[in-house]
Amino acid sequence: MQSQMHGGTRWKRFAVVMVPGVAATAAIGVGLAQGALAASFAVSGQEFKVTAEYLDGRGFAQYGGVDMGYANVKEGDQVVPRPVAISTFKNARITNMCQSVVTPDVPVFGKITLKLKAGEDPKNPVVAENLYLDVTDLKADAEFDNIDIGMAAKDTGEGKFAKGPVVKDHNINQNGFAQQATRAQLRNVEQRAWATTAASFKLSGLSMKLLKGDGPGVECY
């Protein structure tokens, strides 16, 4: 079951970390068919952006899933499925992290962006334990140590060959496509996501601002 590939493996500017398009689509398709729920809560109708100069993650795993979230940003109770790639880390250290989300149609002001920054000092990065990222798009320069590609999702968090944290939601396709590595290093990260959860999340040097408008120069990217 365990891959014989060891040492560092690099990918340049991959969209959605390590997930080959066909395999990811298949995993997500099965998740939709089974009504798999990735997030432990109904996600908002607003996707958010995240950037990071450097992410050093230990105990990495990734598999397909679905977040159920509200269809409308402003009103209504209709819930719709949103396919995601669930990237998980036992622990992660993140340098120069930025998170932004845009709220449209604010009376008088129009679009307002909430922008958060933390870990700008490399000596005091953001630190997270049992981190789960429900991602729709990611670009980064990536390097992985001791990587296994094509294993079953359930075996990334339990059993003899597991390297990642416990699978967050057992409603995902347990035997579906997954991959894992003892270490994942991501540089120049640009990411879109529906949800982030963690057992602990320490934000050193936290700053938060409300900015008018959206787009480059206002959002994280």
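Let's start with strands β2 and β6, which pair in the antiparallel sense over 14 bridges. β2 covers residues 48–70, and β6 covers residues 177–202. If you'd like a spot to click on, take tyrosine 54, whose bridge partner in β6 is arginine 187. Please keep in mind that this is a predicted model; I'll come to the confidence in a moment.

Now look at what else β6 does. Strand β5, residues 126–152, also runs antiparallel to β6, and 21 bridges join the two. Here a handy landmark is isoleucine 147, which stands opposite alanine 181 in β6. So β6 has β2 as one pairing partner and β5 as another, under a DSSP bridge criterion.

Let me step back to the whole chain. What does the secondary structure come to? One helix and seven strands. Along the sequence the pattern reads β-α-β-β-β-β-β-β. Among contacts between residues at least 6 apart in sequence, 81% join residues at least 24 apart.

On to the packing. In soluble globular proteins, nonpolar side chains tend to be buried together. In our model, the largest nonpolar core has 27 residues, and the members touching the most others are Phe89, Phe144 and Leu186. Which strands supply at least two residues each to this core? They are β2, β3 (79–106), β4 (110–118), β5 and β6. The largest share comes from β5, with ten residues. There is also a second, separate core of twelve residues, and among them are Val84, Met151, Ala153 and Val167.

For the chain overall, buried residues make up 46% of the 221. The accessible surface comes to about 10,700 Å², and carbon and sulfur atoms account for 53% of that.

Finally, the confidence I promised. The mean pLDDT of the chain is 85, with 83% of residues reaching 70 or more. Two stretches deserve a friendly word of caution. Over residues 1–6 the pLDDT is below 50, and this stretch has ten contacts in the model beyond near neighbours in sequence. Residues 17–36 also have pLDDT below 50, and there the model shows 37 contacts beyond near neighbours in sequence.

To wrap up, if you open the model after the meeting, you could begin at tyrosine 54 and arginine 187 for the β2 pairing, then visit isoleucine 147 and alanine 181, and end at Phe89, Phe144 and Leu186 in the largest core. Thanks, everyone!

Note on methods. Residues are numbered from 1 along each chain as its sequence is written. This is a predicted model: local features need pLDDT of at least 70, side-chain atom pairs count only at pLDDT 80 or more; totals for chains, interfaces and linings use all residues. Side-chain values use heavy atoms; hydrogens and water are left out. pLDDT is the predictor's confidence in each residue, from 0 to 100. Contact means heavy atoms within 4.5 Å. Helices (H or I, at least four residues) and strands (E, at least two) are DSSP runs, numbered from the N terminus. A nonpolar core is a set of buried Ala, Val, Leu, Ile, Met, Phe, Trp, Tyr and Cys residues joined through side-chain atoms within 4.5 Å. Buried means under 20% relative accessible area, exposed over 50%, partly exposed in between (1.4 Å probe, protein chains only). Accessible areas come from the Shrake-Rupley method with a 1.4 Å probe; for residues, only the protein chains shown count as cover.
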